There are 2 protein chains.
Amino acid sequence: MTADPLSRVFSALADPTRRDMVARLAVADATVNELAEPYDVTVQAVSKHLKVLEDAGLVSRSREAQRRPVRLEAEVFDLMTKWIERYRRQAEERYSRLDGLLATMPDDIGTNPPPQPPQTGAPT
Amino acid sequence: MTADPLSRVFSALADPTRRDMVARLAVADATVNELAEPYDVTVQAVSKHLKVLEDAGLVSRSREAQRRPVRLEAEVFDLMTKWIERYRRQAEERYSRLDGLLATMPDDIGTNPPPQPPQTGAPT
DNA sequence: CCTATAATCAACCGCATGGTTGATTAAGGA
DNA sequence: TCCTTAATCAACCATGCGGTTGATTATAGG
């Protein structure tokens, strides 16, 4: 929970069960018990998964009587998409530039924001 | 390493140091020692990070004398992008549909591919 | 052949993570 | 009020992961 937002999102989606929950929540909101039903684990385990997704900003919970319906939040997806697209594009550009020749680059580019320890600023 | 491809990629990018390596490799290929230089960890640790990225299909290593230059592979990015876009779109559609009303959906949709254990097929 | 350099392998350590069981809190309904 | 249902909290356990140090494998070069 102390990690940066991007790490939290990627980390949250690194688990197949959590990805499946996201897939199901994209179709309809659901309660914890409903979400837990198809899986072979306890409700508590699912509750923990949900907390991970929530900390990552992927879902939110409201209150409605004693149930707490979970809903998917779409905004945070953009965070990932932006990061991915940025480097995918760069990588592809390098390819099409027959890069090999230009391997000796500006030389002050590998001196990026090095995340010494975990880092917190910049798009990383 | 026994995990499915999507889990491997998301998991690989959940670490800020590995994301920074990807960012730097998007600019230029590099050797393990070059990559390790800006970080405050041993070369062995960086070598491990590289293995994670390699297992995820994000980088490849060739051989050139005794050094093994690392290059970024762009293809696997699409895997993530497709997954993300699919569910982001679904989520946004639900929003614009003033979903609340249609909460009682087709009813055979939460019955997706439930990943009982880890799962291996389908786009997940 | 011997040595220096690039990188990995191997064993180990501390901590986070996914899972469990058992107890607790919150809200409705009889 | 008492009981049932929904969900979380708490403690615990095994495994995985990021990191370390130390040894080992390749290749280049004197």
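Here are some notes on this predicted model, in which two protein chains, A and B, come up against DNA strands C and D.

1. **Ground rules.** As this is a predicted model, local features need pLDDT of at least 70 and side-chain atom pairs count only at pLDDT 80 or more, while totals for chains, interfaces and linings use all residues. Residues are numbered from 1 along each chain as its sequence is written, chains are lettered from A and ligands numbered from 1 in the order in which they are written, and side-chain values use heavy atoms, with hydrogens and water left out.

2. **Chain A at a glance.** Start with the overall plan: chain A has five helices and two strands. Here helices (H or I, at least four residues) and strands (E, at least two) are DSSP runs, numbered from the N terminus. Follow chain A along its sequence and you get α-α-α-α-β-β-α. Of its 124 residues, 44% are buried; buried means under 20% relative accessible area, exposed means over 50%, and partly exposed is in between (1.4 Å probe, protein chains only). The accessible surface of chain A is about 6700 Å², and carbon and sulfur atoms hold 54% of that. Areas like this come from the Shrake-Rupley method with a 1.4 Å probe, and for residues only the protein chains shown count as cover.

3. **Contacts within chain A.** Contact means heavy atoms within 4.5 Å. Take the contacts in chain A between residues at least 6 apart in sequence: 50% of them join residues at least 24 apart.

4. **Who sits by DNA strand D?** A residue is near a strand if one of its heavy atoms lies within 4 Å of it. There are 22 residues around DNA strand D, and the nearest are Asn33(A), Ser47(A), Arg61(A), Lys48(B) and His49(B). Of the atoms of strand D within 4 Å of the protein, 67% are sugar and phosphate. H3 (32–36) and H4 (43–55) of chain A, plus H4 (43–55) of chain B, each supply at least two residues of this surface. H4(B) gives the most, with four residues.

5. **Polar pairs on strand D.** A polar contact is a pair of N or O atoms within 3.5 Å; within protein, one must be able to donate a hydrogen and the other to accept it, and residues adjacent in sequence count only if both atoms are side-chain atoms. Arg61(A) has a polar side-chain atom 2.6 Å from a phosphate oxygen of strand D. For Lys48(B), the partner is a base oxygen of strand D, at 2.2 Å. His49(B) has a side-chain N or O atom 2.2 Å from a phosphate oxygen of strand D.

6. **Now look at strand C.** Here 21 residues surround the DNA, with Lys48(A), His49(A), Asn33(B), Ser47(B) and Arg61(B) the closest. Phosphate oxygens of strand C lie 2.8 Å from a polar side-chain atom of Thr42(A), 2.2 Å from a side-chain N or O atom of Ser47(B) and 2.5 Å from one of Arg61(B). The elements giving two or more residues to this surface are H4 of chain A with H3 (32–36) and H4 of chain B. H4(A) has the largest share, four residues.

7. **A closer look at His49(B).** This residue lies in H4 of chain B. Is His49(B) buried or exposed? With a relative accessible area of 16%, His49(B) is buried. Its side chain makes a polar contact with that of Arg18(B), at 3.1 Å. Leaving aside neighbours within four places in sequence, His49(B) is in contact with Asp15(B), Thr17(B), Arg18(B) and Met21(B).

8. **Helix H2(A).** How many of the ten residues of H2(A) are buried? Ten of the ten are, including Arg18(A), Asp20(A) and Leu25(A). Asp15(A) caps the N-terminal end of this helix, with a side-chain oxygen 2.8 Å from the backbone nitrogen of Thr17(A).

9. **Helix H5(B).** H5 of chain B covers residues 75–96, and its end C-alpha atoms are 32 Å apart, which agrees with the 32 Å expected for 22 residues. That expected span is 1.5 Å times one less than the number of residues. Among its buried residues are Phe77(B), Trp83(B) and Tyr87(B). The cover over the buried residues includes H5 (75–96) of chain A and H1 (5–13) of chain B. Gln90(B), also in H5 of chain B, is partly exposed, at 22% relative accessibility. Not counting residues up to four places away in sequence, Gln90(B) touches Ala26(A) and Val27(A).
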